[in-house]
Amino acid sequence: MSPSAPPLEARMAELTGRHVPFVKATVVRARRPASARPGDTALVLADGRVEGFVGGACAEATVRVQALRTLRSGESLLLRISPEETADGTGEPVVEEGAVRVANPCLSGGELEIFLEPLRPVPRVVVLGESPIARALAAFGPVLGYEITEAAGADGITPEELAGSQALVIASHGRGEEPVLVSAVRAGVPYIGLVASPRRGAAVLDALPLGAEDRARIHTPAGLWIGARTPGEIAVSILAEVIQAVRGRSVEVEVEVEAPPETPESPGTGSVTAVDPVCGMTVSVADGTPYSDEGGDERRWFCCAGCRAAYEKDPARYTKADAS
């Protein structure tokens, strides 16, 4: 096992406990020369940060791009990285069933096979209220694989619970609704549902100290229209709407990701990619990705400091190549 494994195991437990999504990347095969060894492990977070070691800067750039794609799809993947051209000679990744082969021309040699395992948190739904509908939600949610947090009153919902939750459903029939709704909107909870009649729900929304756009994020009456009448049927309609909202969102906004450390020049998040003008690799635009503002109006991103240095020696050469 890699020397870095114990602290990474603790980090994985911490991220899982906080409902933060990440990808576990494990080297399963390395052909010399390669700096990584089988068993080396790294964690790739949704903002593109890499913690641990699975190879040098160039290999890490490829791992970051592919890991973020698996985080969005939720499917594990065997990643093969080689300095050699792919079979079709285009340089584009070759996708097979459960695997992808990527040509990385910046590698000094060797080949790496890395297993990428996306670990996405179990969706957490906070339910406020002790009504029959609230009890039905608590009963049905776990059957769908959802974690249900029951909050008896407004004081029972902490900012941490809201920040790590994908949904909030208020079924308290007028008790403690307004402050929790405002907190949920400001915390960016993806789905917010208020169990109320159309008339009462509209009155509650009108009284909230929120703008029209924020009020529109609150679903009331909560649930999809399926003709539900009993508390159990209404709970099913609400959970259906939660599924529609949560599964229809990408992982970057589906859950609260861990905030990256503040830097004077933060490149952005890992959800954006760019093409290295020197080697042609696709790189993830994330904190720590090398970039340069030389040679034109557009910022350029690179797989490693070496490609950035080559570009800055003669920006016009690569700018012309892009234009052609």
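Guide: Helices here are DSSP runs of H or I with at least four residues, strands are runs of E with at least two, and both are numbered from the N terminus. The model is a predicted one, in which local features need pLDDT of at least 70 and side-chain atom pairs count only at pLDDT 80 or more, whereas totals for chains, interfaces and linings use all residues. Residues are numbered from 1 along each chain as its sequence is written, and side-chain values use heavy atoms, with hydrogens and water left out.

Visitor: Which residue follows α2 with a positive phi?

Guide: Helix α2 covers residues 57-73. The residue that follows α2 has a phi that is positive, near 80°, and is Gly-74.

Visitor: What distance separates the end C-alpha atoms of α2?

Guide: The expected span of a helix is 1.5 Å times one less than its number of residues. For the 17 residues of α2 this gives 24 Å, which agrees with the distance in the model, 25 Å.

Visitor: How many of the 17 residues of α2 are buried?

Guide: Buried means under 20% relative accessible area, exposed means over 50%, and partly exposed lies in between, with a 1.4 Å probe and protein chains only. Among the buried residues of α2 are Cys-58, Val-63, Arg-64, Leu-68 and Leu-71. The helix is mostly covered, and the count of its buried residues is 12.

Visitor: Which element gives the most residues to the largest nonpolar core?

Guide: A nonpolar core is a set of buried Ala, Val, Leu, Ile, Met, Phe, Trp, Tyr and Cys residues joined through side-chain atoms within 4.5 Å. Of the 22 residues in the largest one, Val-54, Val-63, Leu-79, Leu-112, Ile-114 and Leu-116 touch the most other members. The elements that give two or more residues to this core include β1 (22-31), β4 (77-82) and β7 (111-119). With five residues, the element that gives the most is α2.

Visitor: Which residues does Val-63 touch, not counting those up to four places away in sequence?

Guide: Val-63 lies in α2 and is buried there. With contact taken as heavy atoms within 4.5 Å, and with residues up to four places away in sequence not counted, the residues that Val-63 touches are Ala-25, Val-44, Val-54, Leu-79, Ile-81, Ile-114 and Leu-116.

Visitor: Which are the edge strands of the open sheet of five strands?

Guide: Two strands pair if DSSP finds at least two bridges between them. The sheet has parallel pairing and the order β9-β8-β10-β11-β12; within it, four bridges join β10 (residues 167-170) to β11 (residues 191-194), and Val-169 stands opposite Gly-193 in β11. The edge strands, each of which pairs on one side only, are β9 (147-151) and β12 (218-219).

Visitor: At about what angle does helix α3 run to β9?

Guide: Helix α3 (residues 132-140) lies across β8 (124-128), β9 and β10. Axes are lines fitted to C-alpha atoms, for helices over the stretch in contact, and angles run from 0 to 180 degrees between N-to-C directions. On that scale, α3 runs to β9 at about 150°.

Visitor: Is Val-236 buried, partly exposed or exposed?

Guide: Val-236 sits in helix α8 (residues 231-247), and its C-alpha is 9.5 Å from that of Ile-133, although the two are 103 residues apart in sequence. Because its relative accessibility is 43%, Val-236 counts as partly exposed.
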